[in-house]
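Visitor: Please show me the model, and then we can go through a few questions about it.

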Amino acid sequence: MRELPTGNTYRIGEKEFHFSLAESILELMTGLKGVDVARLAPYDGMLFDFGTTDFMIMTPRGCVMALDLAFIDADGVIKEITTLDPTLGFNRATSGNVRYALEVPIGFFDTHNIQVGDILV
């Protein structure tokens with residue numbers, strides 16, 4: 001398995017999570033492509049920092065698992081939650097400007113009771 005970018009610890013509500021952080025062009029383009037959820041540890045998911053606030057599009061192309069996806073604004077507020085399913089191949093575009101995207105294993109947001117409006121810090 002390829003090595004994921006170094007991660008950081010983040011909080012959403014009262015819970016702490018460890019997310020790999022994609023910042024470089026290559027990391028942003030590669031994301032979790034080819035990564036099996038069973039081999040994601042020690043990370044809970046991957047946070048994408050686009051470095052700017054704009055409309056964004058994410059694609060599951062090349063992913064080996066379905067993912068939950070959150071689009072997050074520059075203040076850390078979760079604006080949208082959706083699913084990326086590589087078997088369907090659908091892209092997901094934001095309905096507004098965001099700075100970040102968070103990809104996690106399917107069911108992650110439900111399991112941790114994370115919802116639109118929650119804040120990532």
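**Cores, rings and one asparagine**

Guide: The largest nonpolar core has 18 residues, and those with the most contacts inside it are Leu4, Leu32 and Met58. A nonpolar core is a set of buried Ala, Val, Leu, Ile, Met, Phe, Trp, Tyr and Cys residues joined through side-chain atoms within 4.5 Å; buried means under 20% relative accessible area and exposed over 50%, with partly exposed in between (1.4 Å probe, protein chains only). This is a predicted model, in which local features need pLDDT of at least 70, side-chain atom pairs count only at pLDDT 80 or more, and totals for chains, interfaces and linings use all residues. Residues are numbered from 1 along each chain as its sequence is written, and side-chain values use heavy atoms, leaving out hydrogens and water.

Visitor: Which strand supplies the largest share of this core?

Guide: At least two residues of the core come from each of β3 (45-54), β5 (67-72) and β8 (98-105). Strands (E, at least two residues) and helices (H or I, at least four) are DSSP runs, numbered from the N terminus. The largest share, 3 residues, comes from β5.

Visitor: Is asparagine 113 buried or exposed?

Guide: Asparagine 113 lies in the segment after α2 (108-111). Its relative accessibility is 53%, so asparagine 113 counts as exposed.

Visitor: How far apart are the C-alpha atoms of asparagine 113 and leucine 32?

Guide: Along the chain, these two residues are 81 residues apart. Leucine 32 is among the residues with the most contacts inside the largest core. The C-alpha atoms of asparagine 113 and leucine 32 are separated by 23 Å.
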